[in-house]
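Trainee: Could you take a close look with me at the place where the ligand sits? I would like to follow it step by step.

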Amino acid sequence: MPQSFHPPQRTLLGPGPSDVSPRVLEAMARPTIGHLDPLFVEMMDEVKGMLQYAFRTQNALTLPVSAPGSAGMETAFVNLVEPGDTVIVCQNGVFGGRMKENVERCGATPVMVEDDWGKPIDPDKLEDALKAHPEARTVAFVQAETSTGAESDTRTLVEIAHRHDCLAIVDAVTALGGTPVEVDAWGIDAVYSGSQKCLSCTPGLSPVSFSDAAVERIRSRTHKVQSWFLDLNLVMGYWGKGAKRAYHHTAPINALYGLHESLVMLQEEGIENAWARHQRNHAALRDGLEAMGLSFVVEPEHRLPQLNAVRVPEGVDEAAVRSALLDDYSIEIGAGLGPLAGRIWRIGLMGHASNARNVYMLLGALENILADQGHALEHGAALSAAHRAYAADDKDLKAAVNG
Ligand code: PLP
């Protein structure tokens with residue numbers, strides 16, 4: 001007979017999900033109440049307010065979609081794109097490819113703007129595509145490409161989209177909470193994220209936010225949104241502020257307790273402090289990895305602090321290293337995808353997992369495993385380099401060590 005499932009205690013340092021804060025897990029174990037219970041409705045309003053804080057927006061249409069980041073992506077596309085539209089999709093990794101799929105499934109035509117994996121999106125190429133396609137109504141791109149660790153310049157790309165009368169859809173699944181996502185200041189029209197990365201929550205929820213211009217487009221659609229579940233005209237009736245809540249679907253109540261708690265934690269820390277913490281721990285990890293002779297895929301100025309794509313050194317078995325980390329140290333890191341499969345590791349330092357303890361633990365484990373594989377390195381150099389990086393950032397050392 002099957003028995004209760006008891007997963008091991010892992011340290012999740014891959015591309016997501018990342019470690020969930022015990023506070024979030026504890027919140028999720030609280031009693032389930034009705035999804036139209038007045039106290040639950042109050043909590044939903046708090047979640048919306050705290051998501052506005054996280055996205056740095058006043059957008060009224062800001063809420064968590066009751067499904068993972070992929071559903072946030074679909075929410076953006078099915079609501080903003082109509083059959084016959086032209087959409088410029090920038091691709092520099094896996095997730096731009098998913099955007100293309102979404103556009104096609106909306107009955108629209110994607111125009112692809114391609115950049116090499118590991119490079120940010122080139123604004124000049126976007127500008128050229130918009131000049132060549134004046135009929136385009138929407139631009140879509142990924143701010144933080146999880147498959148490569150490259151960050152694109154959202155502010156500039158959105159500004160170009162607007163200059164050509166397009167709305168901008170931005171994927172912030174890996175970005176939100178780890179690096180600035182300034183929805184209002186940058187004028188983003190539609191943005192979606194995921195609960196399981198830099199927000200330190202469990203997977204399964206997708207925070208989204210839509211500007212007034214995006215809402216206007218949704219309201220003036222000539223075709224019905226093809227997805228009943230993700231049709232924001234209907235979802236708004238459930239999540240709309242002040243409005244009498246109409247049943248749309250049964251909210252994932254306990255999952256929302258978890259998101260609420262993770263957003264309380266983000267506010268307690270302060271989002272700028274969260275960005276700084278991700279940067280500080282990235283710098284220590286970087287120095288440690290480089291002291292082991294490892295190199296990064298992405299140029300320093302475009303590197304995401306929360307997702308470190310590192311080349312596998314010559315003669316080292318990529319998969320064996322990941323297996324040894326998991327089996328001997330209970331640490332998970334990610335493999336490369338697409339053209340980078342077998343050539344890189346993806347090391348996430350996201351949300352709750354972005355702390356000095358994890359940096360030291362991973363560097364120590366990796367050093368032993370790489371040495372076993374015959375990679376030449378100086379024992380102890382990586383941890384010393386990380387220590388020096390933290391010491392250089394001396395005043396914040398204590399906070400980082402305590403995670
Ligand atoms: N977009 C990006 C950039 C991602 O990294 C991911 C997941 O890793 C997604 C979209 C899809 O999110 P989910 O796996 O939560 O559906």
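Mentor: Happy to; here is a walk around the ligand and its polar contacts. This is a predicted model, in which local features need pLDDT of at least 70 and side-chain atom pairs count only at pLDDT 80 or more, while totals for chains, interfaces and linings use all residues. Residues are numbered from 1 along each chain as its sequence is written, and side-chain values use heavy atoms, with hydrogens and water left out.

Let's start with the surroundings. Around the ligand you will find Pro-68, Gly-69, Ser-70, Phe-95, Val-142, Ala-144, Thr-146, Asp-171, Val-173, Thr-174, Gln-196 and Lys-197; a residue is listed if one of its heavy atoms lies within 4 Å of the ligand.

Three of these names come up again in polar contacts (pairs of N or O atoms within 3.5 Å). Gly-69 uses its backbone: an N or O atom there is 2.8 Å from a ligand oxygen. With Ser-70 it is the side chain, whose N or O atom lies 2.5 Å from an oxygen atom of the ligand. Asp-171 faces a nitrogen atom of the ligand, with a polar side-chain atom 2.6 Å away. As for cover, the ligand on its own has 400 Å² of accessible area, and the protein covers 86% of that; such areas come from the Shrake-Rupley method with a 1.4 Å probe.

So, when you look at the model, find Gly-69, Ser-70 and Asp-171, and then trace the other surrounding residues, including Phe-95 and Lys-197.

Terms used. Polar contact = N/O pair within 3.5 Å; in protein donor to acceptor, adjacent residues only side chain to side chain.
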